[in-house]
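Biologist: Let's take one part of this model and look at it closely, then work outwards from there. Keep it informal, but walk me through the packing step by step.

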Amino acid sequence: MTRILKLLLRDRVALVSALYLVCIVVACGLAALFLVQEAAAMKFGSGRLAPFDFARPVRDWLGTDQLGRSVLYMLLVAGATSLSIAICAAIIAAATGTVLGIAAGYFGGIVDTLAMRLADVILSFPSLLLAILFVYLFEPSATNIIILLVISRVPLYLRISRAETLEISRRLFVDASRMLGASNLRICRRDILPMVMPNVLTLVALDIGLLMLIESALSFLGIGIQPPSTSWGLMVASGRELMGTAWWLTFFPGLAISLTAVASSFLSNWVRIAADPAQRWRLELGQGSEGR
Amino acid sequence: MLRMLRRRILESVLSLVFLLVVVFILSRLTGDPSSLYLPETASDAVREEFARAKGFNLPIWQQFLTYMGDLSRFDFGESLRQQRPALSVVLEAYPATLRLVMWTIIAAVTTGVLLGCLASLRPGSLIDRLAVGLTVTAASIPDFWLALMGILVFAITLGWLPTSGMSTPAHWILPVVVLMLRPAGSIAQVVRGSMISILGAPFIRAARGRGLPVRRLVFLHALRNAAIPVITLVGVQTASILNGAVVVETIFAFPGIGRLMISAILDRDFAVVQAAVVVIALAIFTLNIIIDLIYGWVDPRVRT
């Protein structure tokens, strides 16, 4: 653990990305616990205040909307929804896909064929089409959006971990384990899983940004998170009408989405190298992210 | 080649049938299917009559047979809002989307290939970093937000471009640019990668040794070899361009299939949603098969 942290301290881009992500997750988490009332509080007479007026109280720093609600507070509360949906969906998809992928790759046979065909079918449709059908037939709630995102991402994890498993399970050290009498489960858990993890973790880091983009697009179109809940995409949509007079209502939530997505993609780039035992020396030599 | 083509077509048809079966099961699972087709205010008597007329009271396997039979004749039912066949509503909106996607692909390939070539000539230079930066940011900025910011800057503040519609070429600039950035970034990366490896290949060095000018070398000999990964990428990107088209059409009030789908969802017009999904899925499968054919044409190794 300390070794990983030391590696992170060396890579400036990855460090800034990780710090940003931790800060935003913590801030949004705290806001969801303590600031919900504050964020919904309207204040007549101080509607549509422009941002960056630091003489005013903290709540007005990023401006206010037409009802005098604080953009900063709404941003943090909405971020909690956006981030938790993305993180939950990424983790569930990764766990399901990896387990299925390792099983398919290790045991092969009919399970393998079925899983791969299903993955092909899901991957061959544009994700938004799938989303539109799904949302039409079920209610667009947070849970359903997570389910939808998981369904659309599982095939990817399935493919990656299956391909890795196919290759790894033919290696000598797996044979050695088997000779020593290790059970199938143990081989999968102790020999194969650690080798598959780097790729999966890289994809999870990247997916958190990507899934957030999908969720925000759905919410923006009115088929994602529904009011009175908020998310960053929904905030952009509701600020749209007032764009000519109050640009900050659309600007800040979009910026939050973009920054989070950029950070998650930079971090994923670093994880790819740091989590791979065969490539970690690149970072330890101190080349940082330049050496790619 | 023919065998591969046959397999691809079969696979696509299977996927499509699978999609339709899932839609059928889901639409029957969610309770009363007539509520999918009728407005929420419909009375019980109307619902019952509709259910009888559509055969929703028949056994489920019989319903499935009529459903598949209707679909095989491209009969998706009536659009609730417009009181005419859903398919004709969808086909009317189709050309606008097709043109939008086509211009986007042309713009993305031109920009991506140019940027990728320039970046590959001098790895590590300013233009190379610009290309990398474009890829990362374009992949991370939500397209709906980019479109709104584009409107804010170029339409509202500067007044250079119109905000919505599709009547003049100026109307197309913002939508195409917004849609183009993401695919252009990834195309530039792929072109850059394969150009760097090809420019180091013996046959290029031989040509350079014979005194061929660099520009001719890059754009004539090396680029032809870099074309294959780019074609693959265009195929993959088209699906994501279609995703983006839904958003962009909604924002710029483009009368395309994406905007139609979103408004159909919000109006609960199931027949139109279903028709649109099937038409788009068909288009994507056709495109994938065309791309396979192009492979065979560009790369002689695939033909065997």
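Biologist: Here is the part I have in mind: how many of the 8 residues of helix H9 (residues 202-209) of chain B are buried, and does that leave the helix enclosed or in the open?

Modeller: Keep in mind that this is a predicted model. It scores ipTM 0.82 and pTM 0.83, while chain B averages a pLDDT of 80, with 93% of its residues at 70 or above.

Now to your helix. The number of buried residues in H9(B) is 0 out of 8, so this helix lies largely in the open. What follows H9(B) is Gly211(B), and its phi is positive, near 95 degrees.

For a contrast, hop over to chain A and its helix H10, residues 232-239. That helix also has 8 residues, but 7 of them are buried, so H10(A) is largely enclosed by the rest of the structure. The buried ones are Trp232(A), Gly233(A), Leu234(A), Met235(A), Val236(A), Ala237(A) and Gly239(A). What do they pack against? From chain A there are helices H4 (71-107), H9 (184-221) and H11 (248-274), and chain B adds its helix H7 (143-157). So that you don't mix up the labels, the H9 in that list belongs to chain A, whereas the one you asked about is H9(B).

Back in chain B, a single residue makes another useful contrast with your open helix. Ala275(B) is found in helix H12 of its chain. It has 28 C-beta neighbours inside 10 Å, and the cut-off for buried is 20 or more, so Ala275(B) counts as buried. Leaving out residues up to four places away in sequence, Ala275(B) touches Phe76(B), Ala86(B), Leu87(B) and Val90(B). As for Leu65(B), it is 210 residues from Ala275(B) in sequence, and the two C-alpha atoms are 18 Å apart in space.

H7(B), which turned up under H10(A), also packs inside its own chain. H7(B) and H10(B) have axes 9 Å apart, at an angle of about 30 degrees. The limit for calling a pair roughly parallel is under 35 degrees, and H7(B) and H10(B) are therefore roughly parallel to each other. Their crossing is right-handed. On the H7(B) side the contact is made by Asp143(B), Phe144(B), Ala147(B) and Leu148(B), and on the H10(B) side by Gly244(B), Val247(B), Val248(B) and Ile251(B). By class that comes to 6 nonpolar, 1 polar and 1 charged.

That leads to how the two chains meet. The contact takes 34 residues from chain B and 33 from chain A. On the chain B side, helices H1 (2-29), H6 (126-140), H7, H10 (214-252), H11 (257-266) and H12 (270-298) each supply at least two residues. That side has 27 nonpolar and 7 polar residues, with no charged ones.

One helix pair across the chains is worth a zoom: H11(A) and H6(B). Their axes are 8 Å apart and they pack at an angle of about 125 degrees, which makes H11(A) oblique to H6(B). This crossing is right-handed. Ser258(A), Ala261(A), Val262(A) and Ser265(A) of H11(A) make the contact with Val136(B), Thr137(B), Ala139(B) and Ser140(B) of H6(B). The class split here is 4 nonpolar, 4 polar and no charged residues.

Finally, a bit of background on chain A. It has 12 helices and 0 strands, and its C-alpha trace spans about 75 × 50 × 30 Å along the principal axes. Of its 292 residues, 48% are buried. Among contacts in chain A with a separation of 6 or more, 70% join residues 24 or more positions apart.

A helix pair within chain A shows another geometry. The axes of H2(A) (residues 12-34) and H4(A) come within 8 Å and cross at roughly 105 degrees, and the two helices are therefore roughly perpendicular to each other. H2(A) brings Ile24(A), Val25(A), Ala27(A), Cys28(A), Gly29(A), Ala31(A) and Ala32(A), which meet Tyr73(A), Leu76(A), Val77(A), Gly79(A), Ala80(A) and Leu83(A) in H4(A). That contact holds 11 nonpolar and 2 polar residues, and no charged ones.

How values were computed: Residues are numbered from 1 along each chain as its sequence is written. Chains are lettered from A and ligands numbered from 1 in the order in which they are written. This is a predicted model: local features need pLDDT of at least 70, side-chain atom pairs count only at pLDDT 80 or more; totals for chains, interfaces and linings use all residues. A residue is buried if 20 or more other C-beta atoms lie within 10 Å of its own, exposed if 12 or fewer, and partly exposed in between; C-beta atoms are placed from the backbone. Helices (H or I, at least four residues) and strands (E, at least two) are DSSP runs, numbered from the N terminus. Two residues are in contact if their C-beta atoms, placed from the backbone, lie within 7 Å. Ala, Val, Leu, Ile, Met, Phe, Trp, Tyr, Cys and Pro count as nonpolar, Asp, Glu, Lys and Arg as charged, and the others, Gly among them, as polar. pLDDT is the predictor's confidence in each residue, from 0 to 100. Axes are lines fitted to C-alpha atoms, for helices over the stretch in contact, and angles run from 0 to 180 degrees between N-to-C directions. Angles under 35 degrees count as roughly parallel, over 145 as roughly antiparallel, 65 to 115 as roughly perpendicular and the rest as oblique. A crossing is left-handed if the near helix is turned anticlockwise from the far one by less than a right angle, and right-handed if clockwise.
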